[in-house]
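Reader: Could you take one small piece of this model and walk me through it slowly, then work outwards from there? Plain talk is fine, but please give me your cut-offs as you go.

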Amino acid sequence: MRDWLIYRTFWDLTVSGVALGLIYALVALGYTMVYGVLRLINFAHSEIFMVGTFGVLISLTQVFGINLFEDGEYPYRSGIVLVLILLGSTVAAMVVSGAGAVVLERTAYRPLRGAGDTFGAVVLAFLTGLIASFLFTDSMMTNLMIAAVITGPLAVVYVRIFRKGRQAPRLAFLISAIGASMAMAEAVATWGPDERVVYKTPRVLEKKVLFNFFGADVRIDYVIVAFGAILMMTALLLFVNRTRLGRGIRAVAQDAETARILGVNVNSVILVTFLLGGAMAGGAAMMFTLVYDQTRFNIGFLLGVKSFTAAVLGGIGNIKGALLGGIVLGLAENYGSSIFGGQWKDVIAFIVLLVVLMFRPTGILGESLGKARV
Amino acid sequence: MSLTESFRRRTAPQLHVGNKFRSLPKSARWSIGAIIIAACYFTPYWPDVPVLGWIVDTPGTSFENVLTDQIMMFILVALGLNVVVGFAGLLDLGYVGFYAVGAYTTAVMTSGQFSWPWIAAMPLSILMAMIAGVVLGTPTLRLRGDYLAIVTLGFGEIIRITANNSDWLGGPRGINKIARPPSFGPFEFSVLNAKPYWYLGFTVILIVIFVLTRLENSRVGRAWAAVREDEDAAELMGVNTFKFKLWAFAIGAAIGGLAGALYASKVGFVNPDNFQLQLSILFLAAVVLGGTGSMYGVIMGGILVAWIPERFRGFDTRRYFVFGVVLVLVMVFRPQGIIPRRTAAAGISGKEESE
């Protein structure tokens, strides 16, 4: 019975699986690049993606002033207006995600590398002041005022501590990442206008079926996802392989210490890596909202875990591996849930990972950002 | 540099309190220890003590229940996970899976179809968790570092989803009417009285601490240290690394299963939502926050991770934001954990390894 179902819908599943896989792949790029240079599972990357979806939401509703519904209909746009809106909100998402990733790096990771700077000290001091102020009052304005007053002197103390420049053990980075991830998601959940509910995003794109592919409907949003993802990944590959900064990234991924001795500014390379990973997550956020028309404060968590799985599946640290891993995972999930039922979707994803790692312990394509010329 | 290598990084200077304590005469050490243990048995009464009470009490919920449902479990789980992460240096992100296996075994055996007595279900829960540890470990322990982390994470999810989708495990509704420990004398285990659970749980914690201390200083413990410091070197020196890694997994899993079984018999029901992936991450946070590899550190970490969100319930929904920021701050300013591992214990010189 179910076999028959998969036979009937095989190409449908393939099309939506590839679209899902490409979104995974774009998020996986952030994990894989940061892993390449820092050997760190950037747990907070999922929140970078989440922040990006809110960037899309804000740009659509606030900047372009589009309502969720117009006279009971979806607010479809067309022609050049649509293109401008889509591009605009993509840029917004990339900026928000990229900025989030940079703040994250400088606040939660750089001090652990023993290279803490004033920026991180100020953010941390502000956060310390903020949570301390919760002890005394519930009024947000007063909280912010107390935090602002405390920030100055506390930041001076923090900078002094940072000067000692101690390098933390690897697990400390992981916990710092988890803490940052929790704080970001909860900040959105607590201070967002609608708190913990699902936010609908305006559906500006009419999801028409463009053409048939072996009987499967290929919707226009899938096509946009495919083109966008390929475009962004090509740009990223070119950047990493052809530019000066890209060479820096590869050098740091190979051997951070040697790169530093040879005059590479390791901290700025790491910052650029986070910025690029964030921008990719922003692009993924745009595509996600385009396909699913919604977001939520915890939307990043599961998608982040899946994307990291995709990165490992393809070979972590390997940019092409992320693409392959994402697509394999997206397809495996789609086929698997149609054969065994949707409730087993995540189990299938992890079993595929387990089986692949049994035979290829470093992923399908192997680790490579630094090890070989990509 | 792989993740396992990073565990090699030596820890911060020792706490002066610890050194002072160790330099006391044996009789003094024993009496201080006895006083601390006795005081801990009276933890359920701490909120009634003047100043201490203001610090520890959890506004809005019963301190007794926080103590037994949260703090006790987190201490046990942190101790168990510390065997895997701290002693053997393997990163496990799916520890909640073993916790779930223990809880579900007790749940299935003592409620409904089987109706075993509690005392018989307990060892079986530990055994089942141990088997789960071996089953997960055998194929995956060849993987290193972060690959192991993601596979274990998957394992935790698989356990939860399986429980969610299996009718005989109660599906999403879970299992209720789980047996309580048998009452004896003045200690009556009931919904209204959580104190006996603490007496039981704290005794179990003491036993686990004793066993783990012996293990850490045994041949097995030295083998774990060798694997943690440098797996290849350990292998070359004749340590059967796979065997000892599997032991670490099995023992860690057993303690996790024990914690889960105790949890199930305390709250009386389990459902898959009790075993979310986030819990695994909190378990790991407890270990690292306290001080990876340091027994008293991870106990402290477990207490803090369980207690902070409850203590600051007044912060309402902001408390997990606070918790996240606290995690970042502790890691930034005390990356080795609150009570770091003692460096001299392993007899290896404590030089910082350069990046």
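**A strand and what lies beyond it**

Author: Strand 2 of chain A is hardly covered, since 0 of its 5 residues are buried. Buried here means that 20 or more other C-beta atoms lie within 10 Å of a residue's own, exposed means 12 or fewer, partly exposed is in between, and the C-beta atoms are placed from the backbone. Keep in mind that this is a predicted model: local features need pLDDT of at least 70, side-chain atom pairs count only at pLDDT 80 or more, and totals for chains, interfaces and linings use all residues. Residues are numbered from 1 along each chain as its sequence is written, while chains are lettered from A and ligands numbered from 1 in the order in which they are written.

Strand 2 (residues 209–213) of chain A runs antiparallel to strand 3 (residues 216–219) of chain A, and 4 bridges join the two. Strands pair when DSSP finds at least two bridges between them; strands (E, at least two residues) and helices (H or I, at least four) are DSSP runs numbered from the N terminus. Going along the pair, V209(A) sits opposite R219(A), and F211(A) has V218(A) as its bridge partner. The two strands make a hairpin with 2 residues between them, and F214(A) in that turn has a positive phi of about 50°.

Positive phi turns up elsewhere too. R39(A) is not a glycine, yet its phi is about 55°. R39(A) lies in the loop between helix 1 (2–38) and helix 2 (45–63) of chain A, and R39(A) counts as buried because 20 C-beta neighbours fall inside 10 Å. In chain B, K177(B) has a positive phi of about 60° and is not a glycine either. K177(B) belongs to the loop between helix 8 and helix 9 (195–216) of chain B, but with 11 C-beta neighbours inside 10 Å it counts as exposed.

Now for some helix packing, starting in chain A. Helix 3 (residues 79–109) and helix 4 of chain A have axes that come within 8 Å and cross at roughly 85°. That makes the two roughly perpendicular. Axes are lines fitted to C-alpha atoms, for helices over the stretch in contact, with angles from 0 to 180 degrees between N-to-C directions; under 35 degrees is roughly parallel, over 145 roughly antiparallel, 65 to 115 roughly perpendicular, and the rest oblique. From helix 3 of chain A come V103(A), R106(A) and T107(A), which meet F119(A), G120(A), V123(A) and L124(A) of helix 4 of chain A. Contact means that the C-beta atoms, placed from the backbone, lie within 7 Å. By class, this helix contact has 4 nonpolar residues, 2 polar and 1 charged; Ala, Val, Leu, Ile, Met, Phe, Trp, Tyr, Cys and Pro count as nonpolar, Asp, Glu, Lys and Arg as charged, and the others, Gly among them, as polar. Helix 3 of chain A also holds I80(A), which is exposed, with 8 other C-beta atoms within 10 Å. The C-alpha atoms of I80(A) and R247(A) are 38 Å apart, with their positions 167 residues apart along the chain.

Chain B has a helix pair of its own: helix 13 (residues 277–290) and helix 14 (residues 295–311) of chain B pack at about 130°, with axes 7 Å apart. They are therefore oblique to each other. Residues making the contact include L282(B) and A285(B) of helix 13 of chain B, and V298(B) and I299(B) of helix 14 of chain B. That contact has 10 nonpolar, 4 polar and no charged residues.

Finally, the two chains meet. Their contact takes 45 residues from chain A and 42 from chain B. On the chain A side, the elements giving two or more residues include helix 4 (118–133) and helix 13 (345–359) of chain A, while helix 6 of chain A supplies the largest share, 14 residues. That side has 32 nonpolar, 7 polar and 6 charged residues. From across the way, I158(B) touches V347(A) and F350(A), not counting residues up to four places away in sequence. I158(B) is found in helix 8 (residues 145–165) of chain B and is buried, with 21 other C-beta atoms within 10 Å.

Conventions:
Two residues are in contact if their C-beta atoms, placed from the backbone, lie within 7 Å.
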